[in-house]
Amino acid sequence: PEISQPDAVEFAVVWKQPTGAVASLPNLKALQSFGAGVDSILSDLTLPASLPLARIVDPHLTASMLEYLDTVLNYYRLRFDEFGTNQQQQLWKPRSPRKIRHLTVLGLGELGSAAARHFAGLGYAVSGWSGRLHQIDGVQCFAGDHQFAEAVAEADLLICLLPLTGATENLLNEARLAQLKTGAILVNVARGAIVDDEALLCALQTGKLAAACLDVFRIEPLPVEHPFWTTSGILLTPHISAVTNADTAVAQIAENYRRVQAGLPLLNQVDRTRGY
Ligand code: OXD
């Protein structure tokens, strides 16, 4: 509402924009997301259909995600979750590391394929699952609903890096969580709405899942009354696994602005029909 000359705006950098804000700029030539994800931008149904949209693809973002995932994996492997609980009860109970040998990565886009490659390179058995079939050296790739059960069957640790679209919303529901190995660990670093909250709570209560590490939530910040805060077995971080680095993002955004002015295609343009 503060934009005094909407007619003059040709390029907009957006993140969780108010509904209708983009549609009120009649001469806009392109949109740029300030993050890797675009779901919060595309959820505005008033967005002009033909407007090109680009997102950030940045090696810093990937490195930060891998650092987060390495930390989480070792946290569970060395049983820091159990030792933390034991500490509350002043319980001295040494145990050998958990056997985490097989990882499945859901979503094999920029971050998902980097994670799959990274863990395969470290010697883990890695499966990858996505909407469309990918080929990644050292990773057993699966695609589509019919191969979901096979993709997750052996997973000790399941890493969710899917984009949030109509096809992935509530994908990790009761039926799909039931296809996991008993005692598996879920790590969600994608979007909260991909996981059915109730189904996750139930899978933790029944012991189907040993633990869940959640960096993303349906509503952020996570409301104080939400059971995730206090459910045992949940490790919660406030959406920090891969935060856009302003220094590197700015160069990419400026380049896209130049490209729009020169009539060239955008870097890292999103396929709006696919939603990522
Ligand atoms: C992003 C995010 O999409 O931070 O960039 O989740």
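Helices (DSSP runs of H or I, at least four residues) and strands (DSSP runs of E, at least two) are numbered here from the N terminus. By this convention, Asn245 is found in the loop between β10 (234–236) and α8 (246–261). Asn245 has a relative accessible area of 25% and is therefore partly exposed, where buried means under 20% relative accessible area, exposed over 50%, and partly exposed in between (1.4 Å probe, protein chains only). From Asn245 to Ile136 the C-alpha to C-alpha distance is 27 Å, with their positions 109 residues apart in sequence.

The structure is a predicted model, in which local features need pLDDT of at least 70, side-chain atom pairs count only at pLDDT 80 or more, and totals for chains, interfaces and linings use all residues. Residues are numbered from 1 along each chain as its sequence is written, and side-chain values use heavy atoms, with hydrogens and water left out.

**Ligand site**

Trp15, Gly35, Ala36, Gly37, Arg191, His239 and Ala242 surround the ligand, each having a heavy atom within 4 Å of it. This shell divides into three nonpolar residues, three polar and one charged; Ala and Trp count as nonpolar, Arg as charged, and Gly among the polar. The table lists polar contacts (pairs of N or O atoms within 3.5 Å; within protein, one must be able to donate a hydrogen and the other to accept it, and residues adjacent in sequence count only if both atoms are side-chain atoms).

| Protein atom | Partner | Distance |
|---|---|---|
| Ala36, polar backbone atom | ligand oxygen | 2.7 Å |
| Arg191, polar side-chain atom | ligand oxygen | 2.8 Å |
| His239, polar side-chain atom | ligand oxygen | 2.7 Å |

Taken alone, the ligand exposes 210 Å², of which the protein buries 85%; accessible areas come from the Shrake-Rupley method with a 1.4 Å probe.

Arg191 belongs to the loop between β8 (184–188) and α7 (197–205). Because its relative accessibility is 17%, Arg191 counts as buried. Its side chain also makes a polar contact of 2.9 Å with the side chain of Asp39.

**Backbone geometry**

Most residues other than glycine have a negative phi, and most peptide bonds are trans. Lys16, in the loop between β1 (11–14) and β2 (30–33), has a positive phi of about 50° although it is not a glycine. Asn268, likewise not a glycine, has a positive phi of about 55°. Asn268 is placed in the segment after α8 and, at a relative accessible area of 29%, is partly exposed. The peptide bond from Glu220 to Pro221 is cis, with omega near -5°; Pro221 lies in the loop between β9 (209–214) and β10.
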